[in-house]
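Hi everyone, thanks for making time for this. I'd like to walk you through a structure that may be new to you, so let's put it on the screen.

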Amino acid sequence: RGGMGVVFKAHEESLNRFVAIKILGEHLEEDGEYVERFVREAQSAAALSHPNIVQIYAISEDQGHHYFAMEYVQGPSVQRMIQTQGKIPPAEAARLIIQAASGLHVAHAQNVVHRDIKPANLMVTDQGLVKIADFGLALMGAATTRLTATGMLMGTPGYLSPEQCLDQSPDHRTDIYSLGVTFFEMVTGTMPFRADSPLALLRLIVEVEPPDIQELNPEVDGELRGIIARMLAKDRDERYSDCAAVMAAIQSWLEANG
C-alpha cells in the first residue's frame, strides 16, 4: 500500500499464473491529474519489453476503479535487501546495478526517462534477476503535462538529481544519477545525503560532495568508487553519457575482480 494506491497479488485463472494488480486509491479516483499519472505509468512501462523491466499485461477500469495488471515478481526489493543485510558486497551490488542499467538503457532508447530510480523500485527475483518497477513519474519524449509543470518537485527527495532539485528538465542522465545514489547506498548501507528538512536535503544534493565511500566501506576499491563518483557528478555533462557506458565500466570492473 502506498500513497497512490494498493497492489494485490492475484491469480490469473486463464493462464494459471500469479500477477500483481495495482489499483488507484479511492481517494484519488476523482482527481484527473492522478488518474492521468496512473495511466501514464502503465503506458510507459507497457511500451517497453526487456527482462529487467516489470512487464505490464493490461490496464482497465471497473466501476470507476482504475487498475492495471503486471508481472508478479517473487523476491525482495533492493531496499529490503539493504534493510536486512546492511552493506551489500560490492560485486553483488555491481551485478544488480548493471542489470538495472541494462533495463534503463532500453527505456532511454525509447525516450522514456524513469525519474524515480531508487532501491524500492528495483525488485530482485529469487533467481537474482533485477526488475525495474514503478514508472509513475516516467517522462515520455518531450511530452509535457500538468504533472511536469514548473515548480512541481517530482520524485523521492534523497534520490533526486541536482538538475531536478534546480527545476531543470530531466534527461536520461537523471536516471544515471539516481542509480548512482542507489549504488552508493547498496555498498555503504546509507544514502549519500541526509537532512532534517526537504529544503536542506536539496541544498546538500546541489552544493555538497558525497561522503568518502572508503570511510564507510573499505571493501570498495578505488576503481569502483570512481565509477560511483562519476555517476553522482553534479554536472550531468560529467556523468557517463548513457547507460551503455555505465554497464561497460561496471563490467570491466567485475571482470578485473573475478
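**A short tour**

Let's begin at His50, which counts as buried because its relative accessibility is 17%, and the cut-off for buried is under 20%. Please keep in mind throughout that this is a predicted model.

So where does His50 sit? You'll find His50 in the loop between α1, residues 32-46, and β3. And what does the His50 side chain meet there? It makes a polar contact with the side chain of Ser102, at 3.2 Å. Leaving aside residues up to four places away in sequence, His50 touches Ser102, Gly103 and Val106.

That takes us to helix α3, which covers residues 90-109. Of the 20 residues in α3, 14 are buried, so the helix is largely enclosed by the rest of the structure. We can also check its length: at 1.5 Å a residue, α3 should span 28 Å, and its end C-alpha atoms are indeed 28 Å apart, so the two agree. Just after α3 comes Asn111, with a positive phi of about 60°.

Now, over to the sheet. In what order do its four strands lie? The order is β1-β2-β4-β3, in an open sheet with antiparallel pairing. At the edges are β1, residues 5-12, and β3, residues 56-62, each pairing on one side only. From one strand to the next, the twist averages 25°. As a reminder for anyone new to sheets, strands pair through backbone hydrogen bonds, either parallel or antiparallel.

Let's follow the pairing from β1 inwards. Strand β2 takes in residues 17-24, and eight bridges join it to β1, with the two running antiparallel. If you'd like to find the partners on screen, Gly5 stands opposite Leu24, and Val6 has Ile23 as its bridge partner. On to β4, residues 65-71: this strand pairs with β2 over five bridges, again in the antiparallel sense. Here you can look for Ala20, which stands opposite Met70.

How many residues lie between β1 and β2? There are four, and the two strands form a hairpin. Asn16 is in that turn, and its phi is near 50°, a positive value in a residue other than glycine. Is Asn16 buried or exposed? With 60% relative accessibility, Asn16 counts as exposed, since the cut-off for exposed is over 50%.

There is a residue with a positive phi elsewhere too: Asp167, where phi is near 60° and the residue is again not glycine. Asp167 lies in the loop between α4, residues 162-165, and α5, residues 172-188. Its relative accessibility is 41%, so Asp167 counts as partly exposed.

One last stop: the aromatic rings. How many aromatic pairs does a search of the whole structure find? Just one. The partners are Phe18 and Tyr72, 6.4 Å centre to centre with 55° between the planes, which makes the pair tilted. The pair links distant parts of the chain, as Phe18 is in strand β2 while Tyr72 is in the loop between β4 and α2, residues 78-85, and the two are 54 residues apart. Phe18 is partly exposed, with a relative accessible area of 47%, and Tyr72 is partly exposed as well, at 28%.

That's the tour, and I'm happy to go back to any part of it.

Note on methods. Residues are numbered from 1 along each chain as its sequence is written. This is a predicted model: local features need pLDDT of at least 70, side-chain atom pairs count only at pLDDT 80 or more; totals for chains, interfaces and linings use all residues. Side-chain values use heavy atoms; hydrogens and water are left out. Two strands pair if DSSP finds at least two bridges between them. Axes are lines fitted to C-alpha atoms, for helices over the stretch in contact, and angles run from 0 to 180 degrees between N-to-C directions. The expected span of a helix is 1.5 Å times one less than its number of residues. Buried means under 20% relative accessible area, exposed over 50%, partly exposed in between (1.4 Å probe, protein chains only). A polar contact is a pair of N or O atoms within 3.5 Å; within protein, one must be able to donate a hydrogen and the other to accept it, and residues adjacent in sequence count only if both atoms are side-chain atoms. Contact means heavy atoms within 4.5 Å. Rings of Phe, Tyr and Trp (its six-membered ring) pair if their centres lie within 6.5 Å; planes under 30 degrees apart count as stacked, over 60 as edge-to-face and the rest as tilted.
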